[in-house]
Amino acid sequence: IKKIRRKVSGVHPSEKRNEMDVEEGRFVFTCAARLHPVKGHRFLIEAISYLKREYPSMCVLLLGDGPLEDSLKEEVQDKGLDDYIYFMGYREDVYEILAASDAFVLPSINEGFGIAIAEAMAVSLPVVASNIPSIAEVVKEGETGFLVPTSDAKALSQGMEKYLKNPDLARIHGER
């Protein structure tokens with residue numbers, strides 16, 4: 001945790017967002033996970049399709065690459081979500097991107113241990129993630145984040161919406 005916090009101590013969120021072409025004032029969710037079926041990205045894409053009308057200023061940064069990259073990009077384009085979901089690819093500056101984000105989201109179907117979640121929490125991000133045992137060991141429901149049923153895009157969107165409706169709650173959960 002100390003190592004991660006040292007790495008992000010000089011990060012200026014607005015500068016990092018500008019570097020990534022993320023417009024000022026957007027609520028930024030980040031998902032750092034390989035683009036693989038077990039990570040549940042398709043549920044995240046569907047969740048964004050539920051949220052986009054009411055929250056046009058939110059976006060999701062997808063960090064990582066993998067075998068689903070082309071099909072996920074096609075799905076995002078087909079659903080008209082290009083302005084909401086940004087494929088960032090494999091990145092060396094993950095911690096800096098996390099430090100420029102408002103919340104972390106991980107819709108995994110299965111997870112050995114949520115290392116990406118622990119890293120996001122080390123950068124003081126709140127988490128919306130699947131309620132599976134390994135994640136529930138790290139995320140305290142209603143204290144440091146929200147846990148939602150796996151493979152449930154509607155529930156995922158509702159968890160994300162709690163932070164979109166109340167950014168101060170996101171900050172409080174992140175500080176915890």
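## Side-chain contacts and a cavity

Arginine 171 and glutamate 175 sit four residues apart, about one turn of the helix, and both belong to helix α9 (residues 167–175). That pair is a handy way into this predicted model, which holds eight salt bridges. There are also two aromatic pairs to look at, plus one cavity of 30 Å³ or more.

**Salt bridge within helix α9**

- Arginine 171 and glutamate 175 form a salt bridge, with 3.1 Å between the closest N and O atoms.
- Arginine 171 is partly exposed, at a relative accessible area of 45%, while glutamate 175 is exposed, at 56%.
- Elsewhere, Lys16, Glu19, Arg91 and Asp93 are joined into one network by salt bridges that share partners.

**Salt bridges across the sequence**

- Side chains of opposite charge can pair when their charged atoms come close.
- Arginine 17 does this with aspartate 102: the closest N and O atoms of the salt bridge are 2.7 Å apart.
- Arginine 17 is in helix α2 (residues 13–19) and aspartate 102 is in the loop between α5 (94–99) and β4 (103–106), so this pair ties together parts that are 85 residues apart in sequence.
- Arginine 17 counts as buried at 12% relative accessibility, whereas aspartate 102 is partly exposed, with a relative accessible area of 26%.
- Lysine 39 has glutamate 111 as a salt-bridge partner, and here the closest N and O atoms are 2.9 Å apart.
- That second pair also links distant parts of the chain, 72 residues apart: lysine 39 is in the loop between β1 (27–32) and α3 (41–51), and glutamate 111 is in the loop between β4 and α6 (115–122).
- Lysine 39 is buried, with a relative accessible area of 9%, and glutamate 111 counts as buried too, at 14% relative accessibility.

**Aromatic pairs**

- The model has two aromatic pairs.
- In one of them, the ring centres of phenylalanine 27 and phenylalanine 29 lie 5.0 Å apart and the planes meet at 50 degrees, so the pair is tilted.
- Phenylalanine 27 and phenylalanine 29 are both buried.
- For phenylalanine 146 and tyrosine 163, the ring centres are 5.0 Å apart with planes at 45 degrees, so this pair is tilted.
- Phenylalanine 146 belongs to strand β6 (residues 145–148) and tyrosine 163 to helix α8 (residues 153–165), so the pair ties together parts that are 17 residues apart in sequence.
- Again, both partners, phenylalanine 146 and tyrosine 163, are buried.

**Charges over rings**

- Phenylalanine 146 turns up a second time here, with the charged end of lysine 162 sitting over its ring, 4.4 Å from the centre.
- Over the ring of tyrosine 50 you'll find the charged end of lysine 154, 4.5 Å from the ring's centre.

**The cavity**

- Rolling a probe the size of a water molecule over the atoms shows where empty space is left.
- In this model the count comes to one cavity of 30 Å³ or more, and about 40 Å³ of space lies in the largest cavity.
- Its lining includes Phe43, Pro107 and Ser130, along with Val148, Pro149, Thr150, Ser151, Asp152, Ala153 and Leu156.
- By type, the lining residues of the largest cavity split into six nonpolar, three polar and one charged.

Technical notes: Residues are numbered from 1 along each chain as its sequence is written. This is a predicted model: local features need pLDDT of at least 70, side-chain atom pairs count only at pLDDT 80 or more; totals for chains, interfaces and linings use all residues. Side-chain values use heavy atoms; hydrogens and water are left out. Rings of Phe, Tyr and Trp (its six-membered ring) pair if their centres lie within 6.5 Å; planes under 30 degrees apart count as stacked, over 60 as edge-to-face and the rest as tilted. Buried means under 20% relative accessible area, exposed over 50%, partly exposed in between (1.4 Å probe, protein chains only). Helices (H or I, at least four residues) and strands (E, at least two) are DSSP runs, numbered from the N terminus. A charge sits over a ring if NZ of Lys or CZ of Arg is within 6 Å of the ring centre and within 35 degrees of the ring normal. A salt bridge is a side-chain nitrogen of Lys or Arg within 4 Å of a carboxyl oxygen of Asp or Glu. On a 1 Å grid over the protein atoms alone, a cavity is a set of points where a 1.4 Å probe fits but cannot get out, and a pocket is an open set with protein on both sides within 12 Å along at least five of seven lines; lining residues have an atom within 4 Å of a point. Grid points are joined across faces, edges and corners, and a volume is the space filled by probe spheres set on the points. Ala, Val, Leu, Ile, Met, Phe, Trp, Tyr, Cys and Pro count as nonpolar, Asp, Glu, Lys and Arg as charged, and the others, Gly among them, as polar.
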